[in-house]
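Reader: I should like to be guided through this structure by means of questions. Might we begin once it is displayed?

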Protein chains: 8
Amino acid sequence: MKTWNIYLSGEIHTDWRDEIKAGASGLPVAFSAPVTDHDASDDCGVVIMGAESDKFWHDHKGAKLNAIRTRTLIEEADIVVVRFGEKYKQWNAAFDAGMAAALGKALIIVHGADHQHALKEVDAAALAVCSEPSQVAQILTYVIEGQLPTATRAAAE
Amino acid sequence: MKTWNIYLSGEIHTDWRDEIKAGASGLPVAFSAPVTDHDASDDCGVVIMGAESDKFWHDHKGAKLNAIRTRTLIEEADIVVVRFGEKYKQWNAAFDAGMAAALGKALIIVHGADHQHALKEVDAAALAVCSEPSQVAQILTYVIEGQLPTATRAAAE
Amino acid sequence: MKTWNIYLSGEIHTDWRDEIKAGASGLPVAFSAPVTDHDASDDCGVVIMGAESDKFWHDHKGAKLNAIRTRTLIEEADIVVVRFGEKYKQWNAAFDAGMAAALGKALIIVHGADHQHALKEVDAAALAVCSEPSQVAQILTYVIEGQLPTATRAAAE
Amino acid sequence: MKTWNIYLSGEIHTDWRDEIKAGASGLPVAFSAPVTDHDASDDCGVVIMGAESDKFWHDHKGAKLNAIRTRTLIEEADIVVVRFGEKYKQWNAAFDAGMAAALGKALIIVHGADHQHALKEVDAAALAVCSEPSQVAQILTYVIEGQLPTATRAAAE
Amino acid sequence: MKTWNIYLSGEIHTDWRDEIKAGASGLPVAFSAPVTDHDASDDCGVVIMGAESDKFWHDHKGAKLNAIRTRTLIEEADIVVVRFGEKYKQWNAAFDAGMAAALGKALIIVHGADHQHALKEVDAAALAVCSEPSQVAQILTYVIEGQLPTATRAAAE
Amino acid sequence: MKTWNIYLSGEIHTDWRDEIKAGASGLPVAFSAPVTDHDASDDCGVVIMGAESDKFWHDHKGAKLNAIRTRTLIEEADIVVVRFGEKYKQWNAAFDAGMAAALGKALIIVHGADHQHALKEVDAAALAVCSEPSQVAQILTYVIEGQLPTATRAAAE
Amino acid sequence: MKTWNIYLSGEIHTDWRDEIKAGASGLPVAFSAPVTDHDASDDCGVVIMGAESDKFWHDHKGAKLNAIRTRTLIEEADIVVVRFGEKYKQWNAAFDAGMAAALGKALIIVHGADHQHALKEVDAAALAVCSEPSQVAQILTYVIEGQLPTATRAAAE
Amino acid sequence: MKTWNIYLSGEIHTDWRDEIKAGASGLPVAFSAPVTDHDASDDCGVVIMGAESDKFWHDHKGAKLNAIRTRTLIEEADIVVVRFGEKYKQWNAAFDAGMAAALGKALIIVHGADHQHALKEVDAAALAVCSEPSQVAQILTYVIEGQLPTATRAAAE
């Protein structure tokens, strides 16, 4: 049976990835994600390859090291989920979404109502747009098993 | 040993998929298909992501959710089988056939004699055209194991 | 300046292609389309390569000859417009849409309200869905020149 | 002689595109860009294809129409320049950068020092990062003609 | 208007290419072909890059030089026509057909009835199979202009 | 550990495939091949999908059915070995070689000295050309394990 | 869990590959490399396929045989590590780096300070540049597990 | 008529490019090359985008800027010619050859006898290997026009 590869991109300051994993327990899925330890992610380049006096190159070395992981895993994913949180610029999340779209990946975008207008181009490239991690778990359950959440479904009819 | 991925697209109101699976029992194959629960397939989008007052968007949300499944599985398939039944427009079946053709998949089309002229462009892109699910099982047996159905073969000689 | 290649697929019994061409006059576009002479399209194979006693092969030879034209032009198109008319099965139109989608072409679907539900999977792969050829001309004008139809726009504000 | 296709993505509220074009006058280049009329860009979908009561679908229709233009032109570009301005979320700019990176385009990012850390992943995918449109013109002049700006060069030696 | 690139592969001892060109005069086509001077084709490698004592390497150097031309032109073709003549092994013709098929080119095969069974796998990959160069000219005329040969057509009705 | 997929194309009337398999026993390889039962291969189409009065279509149906197997396996192969025997036209072998070359597969050609000149274009696309199946086994052993045949090697020094 | 494929290209006269493997023990990785037995690598072609009097063809046969291994493994790699040692021209190392870059592989370059200027174009295509095999092991540990070397990290803070 | 795009990579300290251009005068070719002004090529990055105190980043900025030109032109080339001169490491030349090979370009390598063994892997990926620029001009003349140099040819017979 096929194992679905799901890449979880975006916000790293809340536990949304754990929510999805819990909701998807039992499904034949393999989740992957960027390194979510913020400090390690920022400093990995200089820690391993030597300090830089210029902040630009400090960041550059780290960002490229992280790209080894993120690009490889995005290319291998069947589905790329990108969550935009409440704070920060999150341009890397939008960048990942652009890569996923160009690679023809199935794209699921998660964000709150506040970001709707600003994310319209990103949403337009997605096959699903929702606001809660629990909905992502429901989407995976439906897409992979063909099962809809019974309670919700009854309510919707 | 290679497992052949076979995607079974098209008609969802008869048990043709089961016929093929029964006839192909013992072969190293993994079958996949769209969600064949008609109601779930129609309503999945709004059930998970919220109701829509406009039928177009109700359908749109569902169709995109289903596309996460169907496009992923078609891209992964070695062989795409598309069956056109007696009823309905079945444009999604022809659409799947077009995708499979553009992706270079081996395409098997199944339909009755009535549809022959109307399906000529679709048939022209296929590597096999037949009318019965049992023939699909025979094709898979031959393609994968090199074995022809003995009874039928004797009769044909 | 870039010339945009626009392939006009689908219905061949009305003059919708002429309407679009008229509405797009002055734009840097090159339109292409299948052979729209129904009889020629049906018989081209046997006329050139010899008669067939079996209707299936009669159609097969013709459909493949037409595919030389249609696949080449679809692959070269920037935008593929597919119109579904009121009549006939039009599976070749849906097949073309599937090819265009798999090839990553920008897809515009044109159909009346009656076909909305049956075409939902095709519509879900499109970047625009409309009902009138004049809207296609407006879309091309906007996409290429950035100009919206002034009358309509005023009315919408 | 080759004409270089340059796509200018991002900020639409300053005249940075004109600065680049002026600085690159005489080069064999063809510039392209998204529609930079903000209102037209926001409303194009509903103006042409009919009003929507829900803001999400209003934006969705427009964003997809704009995608016909932007994706086609990005795919055709040799070089994609993305400028991040001082204001707004600009997720569409980061999304374009991600698409360009995945498509293997040469990427030039333009932004002020304030955005350096937040754009580190985007910068890491670029072949050049600078802060002024005049530098983009100098880059194009060097890349295409092999000529460096003489005044600046003397100063740097 | 699109210029169709037509590559004429195969037999080099008859004037079939000229027949097609004559029959296609007036069409927007650009024909290309391998070097058809048999001696030059055999000896080009050693003439330019130095003699070889071993026939294998003599041929190898020449075959690779010819491949610079043939592979480039096949990749650029819209339509690849391969003619199998009455004599010789013609494995290079079948090899070209295989390349064209794998590259997704529209393939037209020309051969006499004698070769029908031996060429069945090659024919199965083609969009048209015929026996006369004049038929190729008719196919090109139909595919590009939509015009069928009137005399023949009348006879066929 | 990687399993190498090796497709063995060409001659079906001698036991060369068994020789290679015996010589490669113990290597992490998975061999695949066309159906080598000549009669089954010729008749498979009509046996399963119905008789044809015209030999062309009889062969056509069979050749396409075989293509489902051969194209799928060639696309999945790491290495494609093509053997040209002493007899027959063997155009399908050259066709397979052309497909493999266009797909970027590592190509090994096996043939006797008689065919050297006629196969020069095919050989020119190969990474190895030899005359005996035992050499193919030695090539696989070297390529995968880095081991050269000791006896032969001593003799060559 | 994903197994990362790591190809180790370049220098074959020191034990740098073993250093990386030791440092990466416990990670879900599969390492591959060219044949590192220098004599076997030089002579493989003639040992298996027959002696050549001309050194060019002696080397040519061997280089192509090695290419069966190296190209297949590079295409399958997630990460390509290329080490430039102190001696020799090492053009094959730079060639492998060029292939890896064109194929979109994540590229890690290892070399001493002496080679910095001469390798600037190669380094510019890499996602990481370092000088010690132990750093490659640290990079792999970080990329795959998200763990930085604690001792080094403390020192860097 | 097709214009052939020829990229001339490698050595920048002799006038070999001019020799080829002179020998190819009259052919439908468009030559391209890296920036051959050594100083400009080294300093372009810092001249335009600001000085760097660290030589690595000085070179890095320049190498990436040059990559905008070289990668774009290599991708557009039909034929890539790479010349290895007598001096320097020339790893960028080997890197370009690797990129060209992976992109499926027709590759011509030019070098003296001294480099034969060290370049064997690069030569093995080429369709022609020669030592003089005049031979490249002869190759282009043959490949494009089918004409062999008459004097040389007479001598070789």
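Reader: How much area do chain H and chain A bury between them?

Author: This is a predicted model, in which local features need pLDDT of at least 70, side-chain atom pairs count only at pLDDT 80 or more, and totals for chains, interfaces and linings use all residues. Residues are numbered from 1 along each chain as its sequence is written, chains are lettered from A and ligands numbered from 1 in the order in which they are written, and side-chain values use heavy atoms, with hydrogens and water left out. Buried area is the accessible area (1.4 Å probe) that two parts lose on being put together, summed over both. Of the area shared by chain H and chain A, 55% lies on carbon and sulfur atoms, and the total is about 460 Å².

Reader: Which three residues supply 75% of the area that chain H buries against chain A?

Author: Contact means heavy atoms within 4.5 Å, and six residues of chain H are in contact with six residues of chain A. No other three residues of chain H supply more of the area buried against chain A than H:Glu52, H:Trp57 and H:Lys64.

Reader: By what turn can chain H be laid on chain A, and why do the copies meet through the same surface?

Author: Copies are superposed by least squares on the C-alpha atoms of residues with pLDDT of at least 70 in both. Chain H then falls on chain A with an RMSD of 0.0 Å and a shift of 0.0 Å along the axis, by a turn of 180°. That is the relation of a two-fold axis. The copies meet through the same surface because the share of interface residues of chain H that are also interface residues in chain A is 100%.

Reader: Which residue of chain H comes closest to the rotation axis?

Author: The distance is taken at the C-alpha atom and amounts to 4.1 Å. The residue in question, which is also among the suppliers of buried area named above, is H:Trp57.

Reader: How far apart are the nearest C-alpha atoms of chain A and chain E?

Author: Some pairs of chains have no contact. Chain F and chain H are one such pair, with their closest C-alpha atoms 8 Å apart. Chain A and chain E do not touch either, and their nearest C-alpha atoms are separated by 20 Å.

Reader: In what order do the five strands of the open sheet in chain G lie?

Author: Helices (H or I, at least four residues) and strands (E, at least two) are DSSP runs, numbered from the N terminus, and two strands pair if DSSP finds at least two bridges between them. The pairing in this open sheet is parallel, and the order is 2-1-3-4-5. Strand 2 (29-32) and strand 5 (128-130) of chain G each have a single partner strand, so the edges of the sheet are strand 2 and strand 5.

Reader: Which residue in strand 2 of chain G stands opposite G:Tyr7?

Author: Strand 1 (residues 4-10) of chain G pairs with strand 2 of chain G in the parallel sense, over four bridges. Opposite G:Tyr7 stands G:Ser32.

Reader: Is helix 2 of chain E largely enclosed or open, and why?

Author: Buried means under 20% relative accessible area, exposed over 50%, and partly exposed in between (1.4 Å probe, protein chains only). Among the buried residues of helix 2 of chain E are E:Ala40, E:Cys44 and E:Met49. Nine of the twelve residues of this helix (residues 38-49) are buried, so helix 2 of chain E is largely enclosed by the rest of the structure.

Reader: Which residue caps the N-terminal end of helix 2 of chain E?

Author: Just after this helix, E:Gly50 takes a positive phi of about 105°. At the N-terminal end, a side-chain oxygen lies 3.2 Å from the backbone nitrogen of E:Asp39, and the capping residue that carries this oxygen is E:Asp37.

Reader: With which side chain does F:Asp59 make a polar contact at 2.8 Å?

Author: F:Asp59 is found in helix 3 (residues 55-76) of chain F and counts as buried, at 1% relative accessibility. A polar contact is a pair of N or O atoms within 3.5 Å; within protein, one must be able to donate a hydrogen and the other to accept it, and residues adjacent in sequence count only if both atoms are side-chain atoms. The side chain of F:Asp59 makes one such contact with the side chain of E:Gln116 (2.9 Å). The partner at 2.8 Å is the side chain of E:His117.

Reader: What phi does B:Tyr88 have?

Author: B:Tyr88 is found in the loop between strand 3 (79-83) and helix 4 (91-102) of chain B, and at 51% relative accessibility B:Tyr88 counts as exposed. Most residues other than glycine have a negative phi. B:Tyr88 is not a glycine, yet its phi is positive, at about 70°.
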